[in-house]
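User: Please take a close look at one part of this structure for me. I would like to see how the two chains meet.

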There are 2 protein chains.
Amino acid sequence: MIDKKGRALYVLTEKPSIIGWGAVVGKFEGEGPLGGGFDKIYNSDLIESGLTWEAAESHIHSEAIDIALKKSSLTKNDIDLCLSGDLLNQCVASAYSIRAKKMPYIGLYGACSTMALSLGLAAIAVESGCACNSLCATSSHFCSAERQFRFPLEYGGVRPPTAQRTVTGSGAMVLSKHSSKPYVNAVMIGKIEDYGITDANNMGAAMAPAAALTINEFLTQAKLSPMDFDMILTGDLGSVGSDLLKELLQSKYKLDISNVHRDCGIMIYDSEVQDVHAGGSGCGCSAVVLCSEILNSLMQGNISSVLFVGTGALMSTTMSQQGESIPGIAHAVWLKN
Amino acid sequence: MIDKKGRALYVLTEKPSIIGWGAVVGKFEGEGPLGGGFDKIYNSDLIESGLTWEAAESHIHSEAIDIALKKSSLTKNDIDLCLSGDLLNQCVASAYSIRAKKMPYIGLYGACSTMALSLGLAAIAVESGCACNSLCATSSHFCSAERQFRFPLEYGGVRPPTAQRTVTGSGAMVLSKHSSKPYVNAVMIGKIEDYGITDANNMGAAMAPAAALTINEFLTQAKLSPMDFDMILTGDLGSVGSDLLKELLQSKYKLDISNVHRDCGIMIYDSEVQDVHAGGSGCGCSAVVLCSEILNSLMQGNISSVLFVGTGALMSTTMSQQGESIPGIAHAVWLKN
């Protein structure tokens, strides 16, 4: 039964379990500090010879799903509902991956917040009886994202210090009414927040206000404080966005999360060794961090309560060229073991 | 309570009511046979002076929502969950419309099937207790779609007879646990079907197989025949796709729907007078036909049972240029009065 506390917070009483997960990444992500936790690491951006970057992204998307299914001891025929999306126009990495799998499919667009959005909805689907088994997945790819959102790679454009690197990777999870650990305890669907950021090379700043809004609303409606969590994990604010988030939470909402805050965009790369400016980003960033380090730690009992806040910049090159600012959104999923 | 018959059919026992709806269209749509039923008709493609085509689409998207809210005697603050999407890259017509409304927002991508997807999920949200009041909306715009998916309008490309015209329009609905008419009786989330169509000017052929699959699965799982409906209404197959659908249903599934079949893409324009080739298309097509003619007829009791099958071609220019075929999807919503 869904217990609705406040307008946007869904407390799940059936505790939908995450019974299997998979994370597939590229070479650069594999060389980062979380490399040991990923299920598969590819050595080439093209993943397999003969693929385009978009097809490569779709390929790892499909593989992450297959790994999550295998770990769940389920097949695609056992999945009642598949929720997925990605950064590419018309969400093609997802569509072409799921085409072959013949699962009832809900296409989502939440930019980099899509992992939290799809996970939250997959949990609600199990809780409400819409699905016995649901599946969520997202992906991103450095090369497919660069050519779509910024410049051709061959141009070699210099990226400013605020820029983040789009993660090449895909993560997928299978949820079920299973009473195993870890499980989803609550979900909050976020609202769009826009502080007028127009710099497409500063996604962190565009997303931080939405993250602050969702974190504050979640804690307020759930009557909890930051200290009630082992970790408040933001999607991919990177170093610039993370600093802004903490400042904003402090000044606007009188909330101090610095002791428990982590950010997937900071965790995935080694900023000392890997030249990634403000960190990682992309749908695949929080997806692969969640589907390795975080879920493994929850399962092993190293941590027991994580508020995952997926953040998305609903950026469009067309609207940026027309002078529009970048709307941000953040969805929250409370994971427990 | 959601009664799940078969794997993908959701029978809604609470009968979530559609308590308000709005349809806003452009000049050309206003001149069509359904013109008298729309809430607002604009005389210019730019809707209001100073807008870009994308901003114009976002503007009518926002207006359709406002009209649906007004007719429901609700404000944006009463909406617990807003589900929306459109054809533009990064679904910006929706995002920029909903940005100002501060509603919890789920971004969807289902191409032209988005009205059925968002309506179905909005109904399930009310049924499951996720929302007291939910809102769904979609839009499309002839000019913003042409320049994104095909050619610059100034180029004046000749369109082949199989091509459909993207509808300039937006439709929105508010759903609530209200026990008024019309209401949503059942929902089916579709699967991707791809018969290898590669012609971006033949969306009807790309979508027809998915429509056939969903109609057959719906009727089979619900143990119904076409004659149990006053109307089986496809989203926007147009004349080419509608013929293919009927042929496919007959040959592959032994189903004859010709007595009850209507198509939003055929209904919206007058093929004798308006030069639209195979008919209308776009997220806005089924949205504005549903939010005028169909819901009005259901409310007045002229018809009492409609199976609305929203169809989408998950087309991407990038994937088309790489030689990929166009995946189709269709979601079904059973409307009753």
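Analyst: What follows looks at the contact between chain B and chain A, then at some salt bridges.

This is a predicted model, where local features need pLDDT of at least 70, side-chain atom pairs count only at pLDDT 80 or more, and totals for chains, interfaces and linings use all residues. Residues are numbered from 1 along each chain as its sequence is written, chains are lettered from A and ligands numbered from 1 in the order in which they are written, and side-chain values use heavy atoms, with hydrogens and water left out.

Start with the extent. Chain B gives 58 residues to the contact, and chain A gives 58 residues. Contact means heavy atoms within 4.5 Å. The two chains bury about 4,600 Å² between them, 58% of it on carbon and sulfur atoms. Buried area is the accessible area (1.4 Å probe) that two parts lose on being put together, summed over both.

Next, the polar links. There are 28 residue pairs in polar contact between chain B and chain A, both residues at pLDDT 80 or more. A polar contact is a pair of N or O atoms within 3.5 Å; within protein, one must be able to donate a hydrogen and the other to accept it, and residues adjacent in sequence count only if both atoms are side-chain atoms.

Which elements of chain B take part? Those that supply at least two residues each include strand S1 (2-5), helix H3 (92-98) and helix H4 (114-127). H3(B) gives the most, with four residues. Helices (H or I, at least four residues) and strands (E, at least two) are DSSP runs, numbered from the N terminus. By class, this side of chain B has 31 nonpolar, 15 polar and twelve charged residues. Ala, Val, Leu, Ile, Met, Phe, Trp, Tyr, Cys and Pro count as nonpolar, Asp, Glu, Lys and Arg as charged, and the others, Gly among them, as polar.

Now the salt bridges. Ten cross this interface. A salt bridge is a side-chain nitrogen of Lys or Arg within 4 Å of a carboxyl oxygen of Asp or Glu. One of them joins B:Arg99 and A:Glu324 (3.2 Å, N to O). Another salt bridge joins B:Lys102 and A:Glu193 (2.7 Å, N to O). B:Lys102 lies in the loop between H3 and S6 of chain B, and A:Glu193 in the loop between strand S10 (183-188) and helix H6 (203-222) of chain A. B:Lys102 is partly exposed, at 34% relative accessibility. A:Glu193 has a relative accessible area of 8%, so it is buried. Buried means under 20% relative accessible area, exposed over 50%, and partly exposed in between (1.4 Å probe, protein chains only).
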